[in-house]
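Biologist: I would like a close look at one small part of this model, the cysteines and what surrounds them. Please keep the answer connected.

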Amino acid sequence: MSPRAVVRHQQWTLQPDREPDAEPTSYAMQCAVCGDISPTGTEFTASRNWVFAHGGRNPTHHTYREVITRPWRAWWKP
């Protein structure tokens, strides 16, 4: 028996998931100098405060990356 495949092209849609049951967007900051990363949380202010504390402990660490995790949804339109 030979394998069969059905290929159907569909138009898909992709957008941030804003449904009530969606995961929350989360934020963290990472030091680009040493790689340390803040705890992840749903409020950016905690990450910002981590940067100030980390920079205070490491006066030469001036460069950071923002890490955002945002839930997305994808579906096809019939």
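Biologist: How far is the sulfur of C31 from the closest cysteine sulfur, and which residue holds that sulfur?

Modeller: The closest cysteine sulfur to that of C31 belongs to C34 and lies 3.7 Å away, which is too far for a bond. C34 is likewise in no disulfide, its nearest cysteine sulfur being that of C31. A disulfide is counted here when two cysteine sulfur atoms are within 2.5 Å, and the structure holds zero of them. This is a predicted model, in which local features need pLDDT of at least 70 and side-chain atom pairs count only at pLDDT 80 or more, while totals for chains, interfaces and linings use all residues. Residues are numbered from 1 along each chain as its sequence is written, and side-chain values use heavy atoms, with hydrogens and water left out.

The two cysteines differ in cover. C31 counts as buried because its relative accessible area is 0%, whereas C34, at 38%, counts as partly exposed. The cut-offs are under 20% for buried and over 50% for exposed, with partly exposed in between (1.4 Å probe, protein chains only).

Strand 2 spans 26–31, and S26 lies in it. S26 is buried too, because its relative accessibility is 13%. Apart from neighbours within four places in sequence, S26 is in contact (heavy atoms within 4.5 Å) with T40, G41, T42, V67, I68 and T69. Ahead of strand 2, the loop that follows strand 1 (12–16) contains E23. E23 counts as exposed because its relative accessibility is 59%. From E23 to P3 the C-alpha distance is 39 Å, with their positions 20 residues apart in sequence.

As for the whole protein chain, it has one helix and four strands, in the order β-β-α-β-β from the N terminus. These are DSSP runs numbered from the N terminus: helices are H or I of at least four residues, strands E of at least two. Of the 78 residues, 19% count as buried. Among contacts with a separation of 6 or more, 58% join residues 24 or more positions apart. The radius of gyration of the protein chain is 20 Å, against near 12 Å for a compact globule of 78 residues; the value is taken over C-alpha atoms, and the globule rule is 2.2 Å times the number of residues to the power 0.38. Along the principal axes, the C-alpha atoms fill a box of roughly 65 × 35 × 20 Å.
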